[in-house]
Each structure stands twice: as C-alpha cells, then as structure tokens.
Amino acid sequence: MDQGKTKLDGNPEKSNIPESISDDGDLNETVVHAGSEPAEGGGGPTHIEMPSAIGRYDIRSQLGIGGFGAVYLGYDRKLDRKVAVKVPLLQRVRHSEQAFLQEARKLAQLTHPGIVTVHDVGVENSICYIVSEYLEGTDLKTWMRDNELPWQESAATVAAIAEALAFAHARNTVHRDVKPANIIMTDRGDGFAPVLVDFGLALSEASLRTKADKRGAVVGTPHYMAPEQVRGQGHRIDGRTDVYALGVILYRMLSGRLPFVASDQKELLQSIVSDEPRPLRQFVRGLPRELERICLKAIAKKLSDRYTTAGDLAQDLRNLLRDEQNRKQRASATVTAQDKAGSREPTKILIADDHELSRFKLQSDLEKWGYEVNVAEDGEQAWEYFQKNEYSIVITDWMMPKLSGLELVRMIRGSEQSNYVYVIMLTARAEKHDIVAGMGAGADDFLTKPFHRDELQVRLRAGIRITNLNRQLNATNKRLLSSQTAAAEMQKSFLPTVKPRIKDCNLAWSHVSCGRLGGDLFNVVSLDDEHVGLYMLDVNGEGIPAALLATGLSRVMSPASDPASLLVERSDTDANASIRQPADVLKELNRRFGAQDERQFFSIAYGLLDLNSRELQFSSAGHPPLLYQRSGASPSMLNIDGFPIGIDAEGQEFQQQSISLRPGDRILLYSDGLPDAMNGEGEVFGAARLLESMETLSRELLDHAVESLTQELADWRGEAEFTSDVSILALELQ
C-alpha cells in the first residue's frame, strides 16, 4: 500500500475535494467517491493505532496508511523473516470475516514473480490481516524520479507488469489500483524487476461491497482511473481497466508527464472522460511510432478500442523490443563487416586444369578479384593440394591425365571436411547425360568452354554464398552443441550425489547417461521423521523440450520442506503438510503435466516407505516393474499396469500396492534403458537376465551389487550404440 492514501467522499461536484493538484499531488493517491452520499465512516483515516503484534507477527513500524487500511513492517517469529502485514479497515465495509478470508486466500493463489507473494491470512481478535513478503526496493514513482529511463527500459518494465496482470486476470482478479506507488522495483540478483503490490481494491471487488459500491462508487487513483471507473460503472470494470492504468504509467515513463492534468479533481475527471491525450511523439523525440500506437491503444477511452488482454499489450511490447534488438544487431554486424572488409581473409580457390593457358587466365582473373588461388596441373596434384589445405571452392576441368575431374570430385565428396566445398566443373560437354553424371559425382555447377569472365564471376558469387551459409550453420551447430552439453551437465546436477542418512536403510545407485537432454531422473527424499519417498522417472524424447520437462519434474519431486513439492499436500488453514499416497502423487502429476505436447510424456515409479512399520507403498505410471528381493529368496517383479503421464490426461486412475519389508530385503527401481539395452547382435538384456543377475549378486554388499550389475550390462552390450540412459536406485532394509 502506498503511503498517505486519502479517501475523499462525495461526488465530483462537491466542494470538499482538493482545489489544486499536480502530477505528484493528492490525486496520485487512492480515492473513493461514494456517489451522492458520503461513504460510511466519513473521510480518510488520519491515525490508526498500531498494534504491537498480530498473531505470530511482531509489528515493528508502519509502512503505509490509506483508505482501505494500514500496512506494517512485521517480523515472523516462526520463520525468522521480515513480512508486510496489511490490516483492512473492516469497520468501513459491510461484509463477513469469512468472505474476507475467502477473497484473501484467492489472492494467495497468485504465485507469479511479478506479483507480491501472500504468505498468510487470518483473523486475530476480530482483526482480519494479510501477510505478504516484504520487498526490499523503491516504488516505481521514486524509481522514475531518480533514474533517466530509455524507452526500451520503460517498455520492458511495463511489459513485465502486463504479464503479471495477465496472470491475475486469468484467475478472475482485477487489481483496480495499478499505479507507480503500487509497483516495487525489486533487485532479483540479475537486475531490477517490477513487482505488483496492494491488491486491496481487488479484494473489495468481491468481498468489500459497500453501500456506495452499489450506488456507483468511483474507486481508484484519479490520474490512473479509466473512464469506466470515473463514471462509477462498476459492472464494466474488468482486466481492460488495469490495461488503461498501465497505459498511463507507460505514457508517464516515456514522457515524464501524465496524459491528463488539471487544476482540480472535477476538471481532471471530466478530462479523462472527454479529452484525448497528446500524441507522445509531439514532445518526445526519437520515440518509435509503434510504441506511441501501443501506448495510445492502451489508454483508449472505449473498452472495445483497448487491448483485449494485458497479455496482448505485453506481447506487442515484447515484439517491439525484439525488433529493436534485431535492428541493432544488424547495424552492428554491418559496421563490423565494413571495419573488417579490408583485413578479411580472402576466399581460397583450387584450380585443377591440365591446359596451361586456361590455368593462367583463370588464375589471373581470380587473383584480380581478390581470391587466394592454388593451381594444379592435373587431378592427382589437385588431390594432394586438397588434402593439405582448406578450400572453399574447387574449379576443375573434366578431362585430365592421371586423375579425371569426375574422379577428383568423387574423392572430394568422400573426404571428411568440416565445411562444405563448392565444386564447379569446366567442360566442353553440354549433353544432358554428362551433366547428370557430373552432379551424381557431387559437382555443384558447370561452366561450358569457352565461357565469359562475367559468367564465372556470377557462379563464384553463388558458390561463396553457399559456403558462407554453411560455415555459419556449422558455427551455430557448434554453439548449440556446446549449450546442450552444458544443459546436460546441469541436468545431471539434479541427480543425488550424497547418500541421505535414513534410519535402518542402506541406499545405492548408478547412472550412465547417453549424453542427451531429457532422460532419467531419480532421488530419495525425506518427507518427515517417519517417511521417505523414492522415485525413478524417465522423460520421453530429447532436446530442450525434454530437458525443460525434466527440470520441472525435479522441482516438484522435492522434499517436503520445499514449497513446490507435490509429494505433500498443504491446506489453506493448516500450516502442516500431509503426505500424499503414491497413487495420489501420480494423479497430481498427471493433472499438472498431463496436458503436455503429445510427444512429451514420462514414466514414473514412486514408493513411500514408513520407517516405523517398514511398509512400502508404491505406484507406477508406465514404468518398468519394481524388483523385490526378499532376504534369502529369489527376486521377483512387482508390476502395476498404467499409462505414462501425458498419454491419457483425462480421468486416469492409478493403482497402488504395498509390501512389508524385513531386514535384508532389497528393492530395485530402474529405467527401461537397463532391460531394453541391446548388444551388437540386436539381443535385449531383458527382465529374465536382470532377475538372474540380481540373484547372483544377492550376497554382495548393496553398493557392490549395483556396481557389478552396471558393469555386467556394459560388458554385455559391448560396442553397441548407447541410445538410452541407464539408471538404478536400490534400497536395502537393515
């Protein structure tokens, strides 16, 4: 909440409104006009007694006060952190505490980096309160005053706010008081980012219904109020109302002024309804025409003329910024090319021709045009040159002693070259079958003797374009390969490295990566003092999409202490988390990730071990069977039928089994890369061989058994292609 909020009662014609206002004056604060009669409670609060504590939160100072309540700097004794505690003025509205709490919990669901996070809501001694994160930083109003902002930074800031608003709007929450004072510029480590705060009017949208609201209240901050707000048309307020306020912010950031200013409130409100803003480019030099169009569309008076969604506004701004970045890169590339034109290495060309006069004329013309030229007297000499040097273009005669041009071309195409070589054949043959033979050997172009030098120059330019494009493509591929390698290494970091200490349990694992993104993930996570979860999952596909899915899964399959974990379930009223059963975990995964691209799915086996009762409950979604080996007995497979997550997104139910473990019992989770691995003869390793191996290794220590199984698979596969990750996770009860 911004400091010094004022509540001004009465309609715009009444005399109890400010007579003089400026860009940063009273009308930059939240105002409520309650129609023809004063709102309940009279004017805005001048003093609210600050409590010493609310619930478990110590109150240390007042951060702000306004028409909808006060905000305090609080200290969370339980979690040892600063928080912001907002206390609405409930005596000024007619609603139940339950309705308030219901709406506050709705705000708590707005988990977005651009929206302040709500940690807690509650009622203490009939005082309703909302607890949110305490943001270190200054508001956008101060930020604009203290910083000279280029239009690109202004556009990027507004785009980020628009994306946060789009997220809120999609969840049926309209802010209704978007303004610089309600945007905090927060240091996120890699730069400052805007964060929306104070959804107080959003709360009032549904739960803080006053008598004035029903009569057509004017609610908001005058300079940032949309025409429908000024008119008191509450039934017409939706996400486009926030878009209007965001357009005013953009206008102010770009120009340093507001689109509408006046000497008093009545004149200002009338101007918002009736007048058109001055086009930005009339007084701001160098502003892109497209940016002016975006801004004026956002503050259009008619709802139908504005952006339909805040997301559309954000998209137009992002597109503009991307186009500007591309323009700068093209300009920079042009300057760089011009600067290096004089020092750039010339294109290297190899000439192979047994006719001395032809060689001389070709070499003279090519060197005159700036190319670096090597000349061979026959095909055999040309091949020797070619193996020692790197050429972009080869010009070869067809008929030559020792080695013909056709044979030379075949040898060039059969060689390993990092970059493409463009081959032009010189021939007196113009027959169709000769051209087919030459192109079949790998030639790119032909020149029929005699030829004009202009024709040669045109063919060379075509060849250089192709070779340059090929070099650019190779460079891009190298960068992509390097990025994918780095991403694969990062993905490996999600795998466990240190064995957790779990009562009466021994753990071992092995992971052999095939080097592709996506693939296997597994872990053992502590849920509380009595329960531990273990899982193995395998993401279908490869590349960036599979890696992103694997990253998201590793985030939610996390210990109970992580707020993102879905292995536990948290309620709105109870701070304690309850542990989900394995089948419920798979059901929640299917709900969250079942709507992926049809090519993106994953199998998973998940088990929940009760350390006191030693009962293991487990469930599976399309994953290989769990291997269970009772102490002193032969191992067996425990299979649960079901589709992988993402195959059948609607209504899939997951089965669950349980087994009681005794000391010496072993459980083995593994990926399908183990039984499906093939040797050089195309034979699969198979489940039977896996069972046989584990029975043979049953007397070895668990670590040694897993290591021996991994080595046995490698020896059996031999030199066969490694196409899938192999992961093993083993648990033994002590």
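What follows is a walk through some packing and backbone features of this predicted model.

The hydrophobic interior is a good place to start. The largest nonpolar core takes in 64 residues, and the members that touch the most others are Leu140, Trp151, Leu246, Ile249, Leu291, Leu313 and Leu317. Take Ile249 from that group: leaving aside neighbours within four places in sequence, isoleucine 249 is in contact with Leu140, Val178, Lys179, Pro180, Ile183 and Tyr224. There is also a second, separate core, this one of 53 residues, with Met536, Leu586, Ile645 and Leu733 among them.

Leu291, one of the well-connected core residues, sits in helix 9, which spans residues 289-298. This helix buries Leu291, Glu292, Ile294, Cys295 and Ala298. Looking down the axis of helix 9, these buried residues stay within an arc of 160°, so they line one face of the helix. As background, an α-helix has 3.6 residues a turn, so residues three or four places apart point the same way.

Glu292 has company as a buried glutamate: glutamate 228, in helix 6 (residues 227-230), counts as buried because its relative accessibility is 2%, against a cut-off of under 20%. Not counting residues up to four places away in sequence, glutamate 228 touches Gln233, Arg236, Ile237, Thr241, Leu303 and Arg306.

Further along the chain, helix 18 (residues 686-696) packs against helix 19 (residues 702-717), with the axes 11 Å apart and at an angle of about 135°. That angle makes helix 18 oblique to helix 19, and the crossing is right-handed. On the helix 18 side, the contact is made by Arg689, Leu690, Ser693 and Met694, while helix 19 brings in Leu709, Glu712 and Trp716.

Two aspartates stand out for their backbone. Most residues other than glycine have a negative phi. Aspartate 80, though, has a positive phi near 55°, and aspartate 504 has one of about 60°. Each of the two is in a loop: aspartate 80 in the one between strand 4 (69-76) and strand 5 (81-88), and aspartate 504 in the one between helix 15 (453-492) and strand 17 (505-512). As for solvent, aspartate 80 counts as exposed because its relative accessibility is 56%, whereas aspartate 504, at 33%, counts as partly exposed.

Definitions and conventions
Residues are numbered from 1 along each chain as its sequence is written. This is a predicted model: local features need pLDDT of at least 70, side-chain atom pairs count only at pLDDT 80 or more; totals for chains, interfaces and linings use all residues. Side-chain values use heavy atoms; hydrogens and water are left out. Helices (H or I, at least four residues) and strands (E, at least two) are DSSP runs, numbered from the N terminus. Buried means under 20% relative accessible area, exposed over 50%, partly exposed in between (1.4 Å probe, protein chains only). A nonpolar core is a set of buried Ala, Val, Leu, Ile, Met, Phe, Trp, Tyr and Cys residues joined through side-chain atoms within 4.5 Å. Contact means heavy atoms within 4.5 Å. The arc is that of the directions from the helix axis to the C-beta atoms. Axes are lines fitted to C-alpha atoms, for helices over the stretch in contact, and angles run from 0 to 180 degrees between N-to-C directions. Angles under 35 degrees count as roughly parallel, over 145 as roughly antiparallel, 65 to 115 as roughly perpendicular and the rest as oblique. A crossing is left-handed if the near helix is turned anticlockwise from the far one by less than a right angle, and right-handed if clockwise.
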